[in-house]
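Here is a friendly walk through the structure, taken one region at a time. Keep the 3D view open and turn it as you read.

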2 protein chains.
Amino acid sequence: MLTLYDFNGAPSPRRAKMFLAEKGLEFKNIQVDIRSNEQMGEAYRKINPRCTVPALVVESGEVLTENSEIAAYLEAQYPDKPLLGSTPIEKALIAKWNWRAEFDGLMAIAEALRNASKSMKDRALPGPRNVKQIPELAERGQERIAWFFEDINEHLKENKYIAGENYSVADITTTICVDFAKWVKAAPLETQTALLEWHDRMKERPSYRV
Amino acid sequence: MLTLYDFNGAPSPRRAKMFLAEKGLEFKNIQVDIRSNEQMGEAYRKINPRCTVPALVVESGEVLTENSEIAAYLEAQYPDKPLLGSTPIEKALIAKWNWRAEFDGLMAIAEALRNASKSMKDRALPGPRNVKQIPELAERGQERIAWFFEDINEHLKENKYIAGENYSVADITTTICVDFAKWVKAAPLETQTALLEWHDRMKERPSYRV
């Protein structure tokens with residue numbers, strides 16, 4: 001049985017939950033209250049010394065703690081309904097667009113949030129060490145979110161899904177970007193209709209409601 | 001025939017070259033002089049609108065521009081000598097450690113370099129858009145590099161390679177971290193002997209000299 005350490009509503013564990021849902025996999029869900037900093041406590045540190053959620057405990061007892069790690073494991077262990085691609089070119093395109101969603105999207109949003117939020121003072125980066133905020137980085141994050149939406153909207157004018165013809169992990173990561181951006185009051189422009197229409201299609205998938 | 005747009009000495013294209021070398025693949029090498037900003041010019045923009053090296057043109061004519069993309073393609077197209085793992089757990093561990101080397105290592109070094117170097121004014125991020133420097137981010141980058149070396153040294157006390165028993169793309173990325181860190185005058189401490197011994201072993205591989 002798979003066990004997921006999770007916090008409902010947080011973007012990182014939602015990536016893992018969407019991946020599990022698209023694969024049709026069941027799992028035990030254990031909530032870690034990150035609002036009260038439970039992830040920094042001794043009990044959770046024993047499960048994941050990096051003090052982050054998600055953490056996925058797999059059948060063999062290994063604990064997987066990064067979304068890239070969880071995706072690689074689940075795709076190899078449960079190859080049905082591939083989310084990382086089938087052909088070499090598909091795998092390449094999915095890796096590219098997922099990386100861009102992570103670097104241009106998620107990181108920009110995390111920078112905008114973690115460097116501006118009063119409740120995240122000294123938590124400008126996730127992990128076991130404290131990191132002080134850099135207000136200029138929050139501003140830069142906002143600018144980069146707008147660029148990301150602009151680029152993805154252009155790309156979606158000619159692509160059904162983020163990495164082309166098929167739904168993939170790149171759609172999961174980009175869905176998280178659009179939803180997580182609301183946390184810093186950022187959203188696609190009304191004129192970015194290709195992006196907005198794609199996001200509406202994503203909302204119709206059962207995996208969206210995890 | 002594979003064609004790689006490259007700049008000798010730059011860390012990002014060296015990741016691709018090391019991957020190609022470990023796979024034993026031959027390719028045509030075209031140099032793009034990033035010292036004179038050739039990657040920003042119209043000619044190269046037609047090959048890679050993101051204005052970054054590497055770019056790998058594959059047999060079918062597709063242009064792959066991110067290292068994650070190049071690795072995914074080459075591993076699927078040339079599965080001999082696997083660099084992304086064989087079993088689900090191996091694939092997971094490699095994805096994890098590669099991600100950490102990218103996020104905790106390469107990004108920290110890039111932040112330290114791009115936010116402090118006079119020649120990189122307004123080039124604080126790669127890509128087609130100009131981004132101004134944030135001096136505080138350069139300082140934070142230096143601190144994070146030290147943390148990364150500390151963490152990897154601890155990890156290598158109990159692991160032969162970065163992701164465990166076998167050489168993988170995580171060793172490539174971490175090798176690049178140690179070498180690239182010199183650009184910002186950062187290096188493992190003399191006391192971090194597990195990391196230093198591992199790096200010495202990496203230097204003995206033919207792929208190191210690309």
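Thr3(A) has Lys28(A) as its bridge partner in strand 2 of chain A. That partnership belongs to a parallel pairing of strand 1 of chain A with strand 2 (residues 27-31) of chain A, which extends over five bridges. Please keep in mind that this is a predicted model.

Thr3(A) also has a partner in another strand: in strand 3 of chain A, its bridge partner is Val57(A). Here strand 1 of chain A and strand 3 (residues 55-57) of chain A run antiparallel, joined by three bridges. Both arrangements are familiar ones, as strands of a sheet pair through backbone hydrogen bonds, either parallel or antiparallel.

How enclosed is strand 1 of chain A? Four of the five residues in this strand (residues 2-6) are buried, so the rest of the structure largely encloses it. To see how the chain gets from one parallel strand to the other, follow strand 1 of chain A into helix 1 of chain A and on to strand 2 of chain A: together they form a right-handed β-α-β unit.

Helix 1 of chain A comes up again when you look at the domains. The domain assignment divides chain A into domain 1 (2-77) and domain 2 (88-209). Their C-alpha centres are 20 Å apart, and the contact draws on twelve residues of domain 1 of chain A and ten residues of domain 2 of chain A. Which element gives the most to the domain 1 side of chain A that touches domain 2 of chain A? The answer is helix 1 (residues 11-23) of chain A, with seven residues. Sorted by class, that side of domain 1 of chain A holds seven nonpolar, one polar and four charged residues.

Now move to chain B and its sheet. This is an open sheet of four strands in the order 2-1-3-4, with mixed pairing. Strand 2 (27-31) and strand 4 (63-64) of chain B are the edge strands, each pairing on one side only. At one end of that order, strand 3 (residues 55-57) of chain B pairs with strand 4 of chain B in the antiparallel sense, over two bridges. One residue pair to find there is Leu56(B) with its bridge partner Leu64(B) in strand 4 of chain B. Helix 1 (residues 11-23) of chain B packs on this sheet, where it touches strand 1 (2-6), strand 2 and strand 3 of chain B. The direction of helix 1 of chain B makes about 150° with that of strand 1 of chain B.

Next, bring both chains into view. In the contact between them, 24 residues of chain B meet 24 residues of chain A. On the chain B side, helix 3 (67-77), helix 4 (88-114) and helix 5 (135-156) each supply at least two residues. Helix 4 of chain B gives the most, with seven residues. The residues on this side of chain B divide into 13 nonpolar, three polar and eight charged.

Some backbone details are worth a stop too. Most residues other than glycine have a negative phi, and most peptide bonds are trans. Against that background, look at the peptide bond from Val53(A) to Pro54(A): it is cis, with omega near 5°. Pro54(A) sits in the loop between helix 2 (42-47) and strand 3 of chain A. In chain B, a cis peptide bond joins Val53(B) and Pro54(B), with omega about 10°. Pro54(B) is in the loop between helix 2 (42-47) and strand 3 of chain B.

The sign of phi brings us to Asn37(A), which has a positive value of about 60° although it is not a glycine. You can find Asn37(A) in the loop between strand 2 and helix 2 of chain A. Is Asn37(A) buried or exposed? Asn37(A) counts as exposed because it has 12 C-beta neighbours inside 10 Å. In chain B, phi of Asn37(B) is positive as well, near 60°, and Asn37(B) lies in the loop between strand 2 and helix 2 of chain B. Asn37(B) is exposed, with 12 other C-beta atoms within 10 Å.

For a last stop, go to Lys203(B) in helix 7 (residues 193-203) of chain B. Lys203(B) has 11 C-beta neighbours inside 10 Å, so it counts as exposed. Its C-alpha atom is separated by 8.7 Å from that of Thr175(B), a residue 28 residues apart from Lys203(B) along the chain.

Methods. Residues are numbered from 1 along each chain as its sequence is written. Chains are lettered from A and ligands numbered from 1 in the order in which they are written. This is a predicted model: local features need pLDDT of at least 70, side-chain atom pairs count only at pLDDT 80 or more; totals for chains, interfaces and linings use all residues. Domain bounds come from an automatic or database domain assignment. Two residues are in contact if their C-beta atoms, placed from the backbone, lie within 7 Å. Ala, Val, Leu, Ile, Met, Phe, Trp, Tyr, Cys and Pro count as nonpolar, Asp, Glu, Lys and Arg as charged, and the others, Gly among them, as polar. Two strands pair if DSSP finds at least two bridges between them. Axes are lines fitted to C-alpha atoms, for helices over the stretch in contact, and angles run from 0 to 180 degrees between N-to-C directions. A residue is buried if 20 or more other C-beta atoms lie within 10 Å of its own, exposed if 12 or fewer, and partly exposed in between; C-beta atoms are placed from the backbone. A crossover is right-handed if, with the strands pointing away from the viewer, the path from the first strand over the helix to the second runs clockwise.
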